[in-house]
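Pull up the model and keep the sequence beside it. We'll walk through it one spot at a time.

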Amino acid sequence: MLELGGKAAGTDGAPEALIKDVTEATFMADVIDASHEVPVIVDFWATWCGPCKTLGPMLEKAVTEAGGKVRMAKVDVDRNQTIAAQLRIQSIPTVYAFYQGQPVDGFQGALPGSEVQAFVDRVAAIAGDGGLAEAVAAAEELLAEGAAVEAAQTFAAILGEDPKNAPAYSGLARAHLALGEIDQAEQFLEAVQPEIARAPEIEAARAQVALARQAAEAGPVVELRAAVDHDPDNHQARFELAKALHAGGEVEAAVDELLELFRRDREWNDGAAKAQLFTIFEALKPQDPIVLKGRRKLSSMIFA
């Protein structure tokens, strides 16, 4: 809980501007007026309420990780009975979300962490993102067209507005890769903020960095193909062939070689074929036909 003018306990030092204790005297300014800027989640609680002690920290964590897209007000119903009566709070915990001065969402009782996160995400999205999603899409288009420098500049500008924008963070790392700056991309991803470190976009960029490293060391496809044709059980040669094929842009052929290696010896080199397949899958979009087909074939072999 917050002490006025201090930090929120259990929120890794969340600034007072994001999470506040609110009283009857400050409710209008900290909730109604503030909700004209960003949505405000109000947590009605009491010291004697057991579920409140679980729900409150989960809400605070999710609000903190939203990075300013939503704020939180905590109202002790025992000390602020007038507010509780006006809003007809009949049981606690009760949570309301306000936007543009009006309640727009809410729930009663404790919820599991996943549902609390979904609620905060939903509320944070009410106000939109100021056009950042469109800016990310434009930067992605620039990157796809080969304008890596311009794309990098756009991604960097987006991060200036929202430092926790995982798609922009991933995009900037991939722009470095497109410019052949593997070290810079890797260093950039190592410095990613903890709140988005496991976002799918960040994981995909990490996978692309790993594959770019391999591409720089890939051997000649012709020689590796000859070695595999000469001895189909030369697993190292097949593994290197898959890396070389991927480096040359033959992604589906690389996946096929890794699947064949897995079929022949799934435990070879501590399951290297499966691990490499997952790296390739992570680097691609989840609905990419190569991913869907490859995962389906891999699953059929695992559960055969």
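How many salt bridges does the structure hold? The count is 21. Keep in mind that this is a predicted model, so every distance below is computed from predicted coordinates.

Let's start the tour with R79 and D76. These two form a salt bridge, with 3.8 Å between the closest N and O atoms. The cut-off for calling a salt bridge is 4 Å, so this pair makes the list. Their surroundings are worth a look too: R79 is exposed at 71% relative accessible area, while D76 counts as buried at 9%.

Next, find E140 and R174. Here the closest N and O atoms of the salt bridge are 2.4 Å apart. E140 sits in helix α5 (residues 132–144) and R174 in helix α7, so the salt bridge ties together parts of the chain that are 34 residues apart in sequence. E140 is partly exposed, with a relative accessible area of 26%, and R174 is buried, with 16%. The line for buried is drawn at under 20%, which is why R174 falls on one side of it and E140 on the other.

Now slide over to E186 and R213, whose side chains meet in a salt bridge at 2.7 Å, N to O. This one also links distant parts of the chain: E186 belongs to helix α8 and R213 to helix α9, with their positions 27 residues apart in sequence. Both partners count as partly exposed, E186 at 30% relative accessibility and R213 at 29%. Elsewhere, salt bridges with shared partners join D233, E260, R263 and R264 into one network.

Since R213 took us to α9, let's stay with that helix. It runs over residues 200–217, which makes 18 residues, and at 1.5 Å a residue it should span 26 Å; the end C-alpha atoms are indeed 26 Å apart, so the two values agree. Which residues of α9 are buried? They are I202, A204, A205, A207, V209 and L211. The cover over these buried residues includes α7 (166–178), α8 (182–190), α11 (235–247) and α13 (272–283).

Helix α6 (residues 148–161) makes a good companion to that one. Its 14 residues should span 20 Å at 1.5 Å a residue, and its end C-alpha atoms are 20 Å apart, so expectation and model agree again. The buried residues here are A148, A151, A152, F155, I158 and L159. They take up an arc of only 125° around the axis, so they are on the same side of α6. Turn to the other side of α6 and you'll find Q153, G160 and E161 exposed. And what covers the buried residues of α6? The cover includes α5, α7 and α8.

Two glutamates are worth a stop as well. E257 has its place in helix α12 (residues 251–264) and is buried, with a relative accessible area of 10%. Its side chain makes a polar contact with the side chain of R238 at 2.7 Å. Leaving out residues up to four places away in sequence, E257 touches R225, R238, L241, A242 and L245.

The other glutamate, E37, lies in the loop between α1 (27–33) and β2 (40–45). Is E37 buried or exposed? At 54% relative accessibility, E37 counts as exposed. Its side chain makes a polar contact with the side chain of R71 (2.9 Å). For a sense of how the chain folds back, look at E37 and Q100: they are 63 residues apart in sequence, but 7.7 Å apart in space from C-alpha to C-alpha.

Last stop: the cysteines. A disulfide is a covalent bond between the sulfur atoms of two cysteines. The count for this model comes to one disulfide, formed by C49 and C52, with their sulfur atoms 2.3 Å apart. The torsion about the S-S bond is about 80°, so the disulfide of C49 and C52 is right-handed. Where do its two ends stand on accessibility? C49 counts as buried at 3%, and C52 counts as buried at 6%.

Notes: Residues numbered from 1 in each chain as written. Predicted model: local features only at pLDDT ≥ 70, side-chain atom pairs only at ≥ 80, totals over all residues. Heavy atoms only, no water. Helix = DSSP H or I, 4+ residues; strand = E, 2+ residues; numbered from the N terminus. Buried < 20%, exposed > 50% of the residue type's maximum accessible area, 1.4 Å probe, protein only. Polar contact = N/O pair within 3.5 Å; in protein donor to acceptor, adjacent residues only side chain to side chain. Expected span 1.5 Å × (residues − 1). Contact = heavy atoms within 4.5 Å. Arc of directions from axis to C-beta. Disulfide = S-S within 2.5 Å.
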